[in-house]
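The following paragraphs lead through the architecture of a protein, from its overall make-up to the packing of individual helices. The sequence and the model are shown first.

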Amino acid sequence: MRLGYFTMPVHPASRNPTDTLREDRETIILADELGYHDAFVGEHLTDLVENVTNSMMFLATLIHSTKRIILGSGTTNLSHMHPVLVAAHAAMFDHLAQGRFILGVSPGALPSDAEALGIFTEDRNKMFAESIEVILKLWASKPPFDIDLPDNRFKVSTKLTYDEISNTGMMIKPFQNPRPEIVGTVVAPFSKGVIAMGEKDMHPISANFLFDQWLPSHWENYAKGKANVGKVDYDVLRLESTIKALPNASINLLNFELTLRGLAPIVLSDSQNVVIYPKEQEVKMGKNRNFTFAGRIRAGRFEFFGKQFGFEY
């Protein structure tokens with residue numbers, strides 16, 4: 001687990017933006033000094049309470065004022081601008097930050113922003129999906145660009161103006177290869193958008209508005225999206241061994257089964273209180289980190305005892 005910081009940010013509408021923007025910068029500088037892993041900043045165009053209008057522009061002022069913290073747009077509202085702009089600006093930011101960058105994206109939920117931009121009646125979720133497809137295609141493609149995806153309003157071409165001599169009709173790629181981490185905010189329980197994030201190798205940020213009992217639904221849908229494209233996103237599993245009389249582990253060269261001894265209880269989920277208590281503190285681990293054991297399993301308020309348990313990683 002890594003400690004991160006997310007701010008809308010929120011201030012009384014009566015306060016001077018000069019002062020609140022300075023305070024927001026100072027907060028992230030302090031977070032960097034305290035060892036926070038990342039900091040995300042939101043953006044809105046027509047909200048005096050949340051008065052950062054462009055998160056990337058704001059975060060750019062922090063690149064040389066911080067040392068380690070990763071700076072994330074929280075989020076860039078994809079319905080507000082053409083995907084070529086997002087791809088170009090994000091790639092440049094990634095170079096300026098030398099990889100200390102996460103691209104956070106969302107459709108843009110504030111109705112007054114949409115009205116001001118003339119897209120109030122548009123399906124902004126669809127605009128979001130179309131935009132991210134084009135951004136990914138731009139970063140993955142070589143010029144000249146000729147992007148015309150099915151059922152996508154954003155057409156991108158530099159065929160007519162591409163020139164290798166003047167180096168026009170081209171775009172810089174991000175500093176991170178093949179691209180920066182992309183995350184999206186999620187509010188609704190059982191959000192289908194999380195499935196799409198898993199399929200596109202994006203990561204979800206569960207919003208603070210979500211009741212904690214619905215949080216597992218985001219993980220379940222994310223794992224479903226990964227499975228849809230033949231990928232599995234593994235959790236970190238920690239096995240600790242402390243033993244004196246015997247080796248901590250030994251391997252059978254006939255079947256490459258690894259016997260682990262002196263194991264402390266194995267925590268599979270601290271939030272769901274799922275813990276394995278291996279009999280004689282021993283498990284046998286095989287291919288793909290799958291293992292078998294005897295003993296006891298605690299899962300919430302339930303306890304199970306057996307001799308031939310199997311854990312499929």
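What percentage of the residues in the protein is buried? In this predicted model, buried residues account for 37% of the 313 residues. The secondary structure consists of 7 helices and 16 strands. Along the principal axes, the C-alpha atoms occupy a box of roughly 70 × 50 × 40 Å. Of the contacts between residues at least 6 apart in sequence, 57% link residues at least 24 apart.

Helix α1 offers a starting point. This helix spans residues 17-33, which amounts to 17 residues. From its first C-alpha to its last, α1 reaches 24 Å, close to the 24 Å expected at 1.5 Å a residue. Thr-20, Asp-24, Ile-28, Ile-29, Ala-31 and Asp-32 are its buried residues; the list thus includes the aspartates Asp-24 and Asp-32. The partners against which these buried residues pack are the strands β1 (4-7), β2 (38-41) and β3, together with helix α2.

Helix α3 can be read in the same manner. It comprises 14 residues, 83-96, and its first and last C-alpha atoms are 20 Å apart, close to the 20 Å expected at 1.5 Å a residue. Buried in α3 are Pro-83, Val-86, Ala-87, Ala-90, Ala-91, Phe-93 and Asp-94. Because these residues cover an arc of only 165 degrees around the axis, they lie on the same side of α3. The spacing behind such a pattern is a general one: an α-helix has 3.6 residues a turn, so residues three or four places apart point the same way. The buried residues of α3 pack against two helices, α2 (55-60) and α5 (124-140), and against the strands β3 (70-73), β4 (76-77) and β5 (101-106). Elements α2 and β3 therefore appear among the packing partners of the buried residues in both α1 and α3. After α3 comes Gln-98, which has a positive phi, near 50 degrees.

Further along the chain, a pair of helices can be examined directly. Helix α6 (residues 192-199) packs with helix α7 (residues 215-228) at an angle of about 40 degrees, and their axes are 7 Å apart. The two helices are therefore oblique to each other, and their crossing is right-handed. On the α6 side, the contact is made by Lys-192, Val-194, Ile-195, Met-197, Gly-198 and Glu-199. On the α7 side, the contributors are His-218, Asn-221, Tyr-222, Lys-224, Gly-225, Lys-226 and Asn-228.

How values were computed: Residues numbered from 1 in each chain as written. Predicted model: local features only at pLDDT ≥ 70, side-chain atom pairs only at ≥ 80, totals over all residues. Heavy atoms only, no water. Helix = DSSP H or I, 4+ residues; strand = E, 2+ residues; numbered from the N terminus. Expected span 1.5 Å × (residues − 1). Buried < 20%, exposed > 50% of the residue type's maximum accessible area, 1.4 Å probe, protein only. Arc of directions from axis to C-beta. Contact = heavy atoms within 4.5 Å. Axes fitted to C-alpha atoms, helices over the stretch in contact; angles between N-to-C directions. Parallel < 35°, antiparallel > 145°, perpendicular 65-115°, else oblique. Left-handed = near helix turned anticlockwise from the far one by under 90°.
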